[in-house]
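The following exercises ask you to work through a strand, its pairing partners and one residue in an adjoining loop. Please try each task on the coordinates before reading its solution.

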Amino acid sequence: MVADRLNPIANRLRFAVGRDALGRWVAIELHGRGGGFFRSREAALHYATSECGGRRRAVRLARRPLSLAL
């Protein structure tokens, strides 16, 4: 089916949210164009989802520690 071959941009992964090695919550744009440190998981998810135009599928939770280079 044609629909099975389509991979719309809206569903592509853009952000990872998780903790860094020091336990801080971070959100990282996967191409290195954005991100930051946050007080809570909810705040990091809110930022990442907002940056993706509200597309929750474009954000994933990391299982391993993340590293945000400033």
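**Exercise 1.** Determine which residue of β4 stands opposite Val17, and how β1 is joined to β4.

*Solution.* Val17 stands opposite Leu61 in β4, where strands are DSSP runs (E) of at least two residues, numbered from the N terminus. Three bridges join β1 to β4 (residues 59-61), and these strands run parallel; two strands pair if DSSP finds at least two bridges between them. The model is a predicted one, in which local features need pLDDT of at least 70 and side-chain atom pairs count only at pLDDT 80 or more, while totals for chains, interfaces and linings use all residues. Residues are numbered from 1 along each chain as its sequence is written, and side-chain values use heavy atoms, with hydrogens and water left out.

**Exercise 2.** Describe the pairing of β1 with β2.

*Solution.* The two strands pair in the antiparallel sense over five bridges, with Ala16 opposite Ile28 in β2. β1 and β2 form a hairpin with five residues between them, and Gly23 in the turn has a positive phi of about 90 degrees.

**Exercise 3.** Establish whether Asp20 is buried or exposed, and list its side-chain polar contacts.

*Solution.* Asp20 lies in the loop between β1 (15-19) and β2 (25-29). Asp20 counts as buried because its relative accessibility is 8%, buried meaning under 20% relative accessible area and exposed over 50% (1.4 Å probe, protein chains only). The Asp20 side chain makes a polar contact with the side chain of Arg24 at 2.8 Å and reaches the backbone nitrogen of Leu22 at 3.0 Å; a polar contact is a pair of N or O atoms within 3.5 Å, one able to donate a hydrogen and the other to accept it within protein, and residues adjacent in sequence count only if both atoms are side-chain atoms.

How values were computed:
Helix = DSSP H or I, 4+ residues; strand = E, 2+ residues; numbered from the N terminus.
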